[in-house]
Structure formats: structure tokens, C-alpha cells
Amino acid sequence: QPLFPKKNHECLTSCEFLKYILSAKQGDCPAPEKASGFAAACVESCEADNECSGVKKCCSNGCGHTCQVPKTLYKGVPLKPRKELRFTELQSGQLDVKWSSKFNISIEPVIYVVQRRWNYGIHPSEDDATQWRTVAQTTDERVQLTDIRPSRWYQFRVAAVNVHGTRGFTAPSKHFRSSKDPSAPPAPANLRLANATVNSDNTVTVAVVWDRPEEPDIPVHHYKVFWSWTVSSKSLVPTKKKRRKTTDGSQNSVLLDRLQPDYSYTVELQAIAYWGQTRLKGAKASLHFTPSHAASHKEQLGKTRKSAMHMQPPFQRRRPTRLLEIGAPFYQDNQLQVKVYWKKTE
């Protein structure tokens with residue numbers, strides 16, 4: 001204000017108006033002489049409307065301020081829109097939602113607030129639905145939504161609001177579901193190694209992790225994991241002999257154990273979802289690595305992606321003796337180190 005003493009009147013007025021709208025509840029305070037019971041007590045039990053519960057306002061009773069039920073609660077407040085909402089699915093994939101308003105006499109503009117909730121599944125369910133979320137505010141009696149997803153059952157409700165307040169939302173609409181079929185889940189993103197541990201028998205256990213899809217059409221039911229390997233210049237293990245395992249769709253990691261340290265491995269990951277009796281298979285993501293390299297370069301694992309890693313010469317495998325025991329490997333001074341223990345012989 002000191003910088004622009006003559007140019008900020010509209011800004012200050014707008015800010016004060018917004019503060020008032022956010023802090024003052026709708027309705028008018030009753031006359032001070034109408035207060036009774038605790039509401040008539042000569043105490044300062046409140047300073048602002050937001051300190052009072054429900055629809056009560058902070059009102060004067062002549063010798064103090066107490067929370068009181070307002071009179072003319074809906075004076076100047078627009079009527080609720082009619083509860084019947086109409087849905088039209090456009091060729092572009094958008095959903096056109098329309099409603100009609102009851103006759104309102106309001107000098108002030110009316111804003112319509114549109115909220116929705118949804119649930120996955122073959123059948124609609126209010127028990128499994130998400131929380132209500134505001135998706136649009138408009139002065140029109142319609143809205144076009146672009147983020148409608150197949151396989152979801154949507155419900156909508158609308159409230160009419162002006163500077164005097166609102167009468168609340170309409171009852172939830174009938175359920176709407178897109179006529180389009182859901183898509184298969186996307187290929188797992190950012191497939192990478194998170195950890196590698198050398199076991200006492202010289203094999204390696206690795207943890208493979210990936211990023212979960214943010215909002216698939218249908219939740220992932222499970223993931224299929226395939227892995228195969230090459231030895232020196234030999235060819236890949238035939239497809240029918242590939243190792244495989246499954247993990248729950250809520251997981252984003254899997255352990256592969258007893259890997260040979262100097263073999264070159266290929267891991268493939270595929271997301272599976274179900275729509276009724278139909279199984280939807282996502283595209284596969286792949287990862288190439290050598291366990292010996294992974295175990296000796298843990299600090300680089302977070303940078304691994306779907307391409308092959310730059311491999312260092314594998315260390316020579318030695319047949320472990322029964323008298324030797326190897327402790328857990330640890331990383332120190334830029335080197336992977338282990339402690340070896342053995343029993344003294346007589």
C-alpha cells in the first residue's frame with residue numbers, strides 16, 4: 001500500500017471481500033434482545049463466525065458475543081439445481097454434463113460447483129467410491145470433462161453459490177460409466193536394480209524395482225517376471241525354459257536369488273489386469289545386467305534403466321571350501337569389501 005497509495009484500491013477491496021466471504025457464514029444475526037439461554041450471557045465466547053459450529057454465527061447479544069442460530073439463513077441464497085443431471089459422451093472422449101436451475105431471483109452472479117466421485121469395478125458401488133472432489137466451477141449450466149476413464153463408475157453433484165451462500169449440493173446423480181473398453185496397464189516404468197548381495201555360496205541375490213503406474217484404467221492384478229541368461233558366447237536359454245515368477249499388483253519390487261555372478265541376465269516385467277473374465281496384458285519392460293557388476297557398483301544402481309549396463313570384467317569364481325565363511329559385503333573407501341572367516345585346524 002505505501003508503494004501504490006492511489007492504485008491499489010481495487011486490489012485491497014477484492015482481498016477484503018474474499019476474506020469476508022471465507023470468514024463470514026451466511027444468514028443474518030438475530031436482534032440482540034432475541035437471545036436466550038447461554039446465547040444471552042454477557043461473555044465474549046467468540047470473535048468470528050468460523051469459531052462457531054454448524055450454521056451458527058458469532059452475534060452480539062447486547063453485552064457480549066455468543067454463537068447463535070442466524071435468522072433468514074437462506075436470504076438471497078440461490079435454490080439448488082434440479083437433481084436430474086444429463087450425461088452425453090462425445091466422440092472426442094469428453095463427457096458433457098448438464099443440469100437445470102430452479103427459478104432464482106438473484107442480482108449477484110451464481111457460480112455452480114461440480115463435484116464427482118467414482119469407483120472401480122463391474123458394478124457401481126457407493127461404499128467403495130472415492131471422496132467427493134471438486135472438478136469444475138462455472139457460471140454455465142453445463143460442463144465438459146476431458147479426464148473420464150473407462151472402467152470407472154462416476155457420480156456427480158452440483159451446488160449453486162453466490163455471495164450470500166449456498167443451500168448445499170444436490171443428491172448424488174445416477175451412475176455413469178464410459179462405453180469405451182479399458183486399456184491394458186502400461187509397461188512398468190523405470191525398471192532398475194535397487195540392491196545386490198553376494199551370498200556365502202558365491203551366488204548373488206538382486207532386488208529389481210519399478211515405478212507403479214499412477215492411474216491405470218484398471219488396477220494391476222499382478223506382475224509377471226521372466227529372466228534368462230547367457231554364458232560366455234552361448235545363446236539365450238530357450239523361451240520355454242525361461243524362469244518366471246509372479247508378484248502381487250500392489251508391489252513394486254521382486255527378489256531374484258541364486259544368480260551366477262558372471263552370467264549376463266535379461267529380466268522382463270509385465271503387468272496383468274482383469275476386466276471381468278478378460279485378462280489384459282501390458283507391454284513388457286526389460287533390463288540387462290551382470291550380477292558381479294551390480295554387486296561391486298551399488299552406487300550406480302539407481303541410474304540403471306531399460307538398457308544394458310556398462311560391464312566391468314567379471315571377477316574369477318573360486319570354489320568355496322567348507323572351512324571358509326564369508327560375512328555380509330559392505331562398501332567402504334570406494335571398494336566392495338567382505339570379511340572371510342575360517343576355523344583353526346588342529
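**A guided tour of the predicted model**

Begin by selecting Asp49 and Lys57, whose side chains meet in a salt bridge with an N to O distance of 2.8 Å. The model on display is a predicted one. Asp49 counts as buried because its relative accessibility is 8%, and Lys57 is likewise buried, with a relative accessible area of 7%. The structure holds nine salt bridges, and two further examples follow.

Select Asp96 and Lys98 next. The closest N and O atoms of this salt bridge are 3.9 Å apart. Asp96, at 3% relative accessibility, is buried, whereas Lys98 is partly exposed at 29%.

Now move to Arg192 and Asp211, which form a salt bridge with the closest N and O atoms 3.3 Å apart. This pair links distant parts of the chain, since Arg192 belongs to strand 10 and Asp211 to strand 11, 19 residues apart. Arg192 is buried, with a relative accessible area of 18%, while Asp211 is partly exposed at 32%. To complete the subject of salt bridges, add Arg142 to the earlier selection: bridges that share partners join Asp96, Lys98 and Arg142 into one network.

Zoom out to view the whole chain. The protein chain contains two helices and 21 strands. Of its 346 residues, 35% are buried. The chain exposes about 22,100 Å², of which carbon and sulfur atoms supply 51%. Among contacts between residues at least 6 apart in sequence, 61% join residues at least 24 apart.

Turn next to the interior. In soluble globular proteins, nonpolar side chains tend to be buried together. Select Val206, Val208, Trp227, Leu256 and Phe289: within the largest nonpolar core, which has 22 residues, these touch the most other members. Strands 10, 11, 12, 14, 15 and 17 each supply at least two residues of this core. Centre the view on Val206. Leaving aside neighbours within four places in sequence, its contacts include Leu193, Ala196, Val254, Leu256 and Phe289. Apart from this core lies another, of 18 residues, with Val97, Tyr112, Val114 and Leu145 among them.

Then select Arg157, found in strand 8 (residues 152–162). Which side chain of opposite charge is nearest to Arg157? That side chain is Glu126, 10 Å away, and Arg157 is buried yet has no salt bridge. The side chain of Arg157 does make a polar contact with the side chain of Gln115, at 2.8 Å. Beyond neighbours within four places in sequence, Arg157 is in contact with several residues, including Val113, Trp132, Phe169 and Thr170.

From Phe169, proceed to Lys80, which lies in the loop between strand 2 (65–68) and strand 3 (86–89). The side chain of Lys80 reaches the backbone oxygen of Phe169 at 3.2 Å. Lys80 also touches Lys102, Arg167 and Gly168. Although Lys80 and Thr170 are 90 residues apart along the chain, their C-alpha atoms are separated by 6.5 Å. Is Lys80 buried or partly exposed? At 33% relative accessibility, Lys80 counts as partly exposed.

Finish with two loop residues. Ser151 is placed between strand 7 (142–145) and strand 8, and Asn202 between strand 10 and strand 11. Ser151 has a positive phi of about 75 degrees although it is not a glycine; Asn202, also not a glycine, has a positive phi of about 75 degrees. Ser151 is buried at 2% relative accessibility, and Asn202 counts as buried at 16%.

Key:
Residues numbered from 1 in each chain as written. Predicted model: local features only at pLDDT ≥ 70, side-chain atom pairs only at ≥ 80, totals over all residues. Heavy atoms only, no water. Helix = DSSP H or I, 4+ residues; strand = E, 2+ residues; numbered from the N terminus. Buried < 20%, exposed > 50% of the residue type's maximum accessible area, 1.4 Å probe, protein only. Lys, Arg positive; Asp, Glu negative; His and termini not counted. Salt bridge = Lys/Arg side-chain N within 4 Å of Asp/Glu carboxyl O. Polar contact = N/O pair within 3.5 Å; in protein donor to acceptor, adjacent residues only side chain to side chain. Contact = heavy atoms within 4.5 Å. Areas by Shrake-Rupley, 256 points an atom, 1.4 Å probe, with all protein chains shown as cover. Core = buried A, V, L, I, M, F, W, Y, C linked by side-chain atoms within 4.5 Å.
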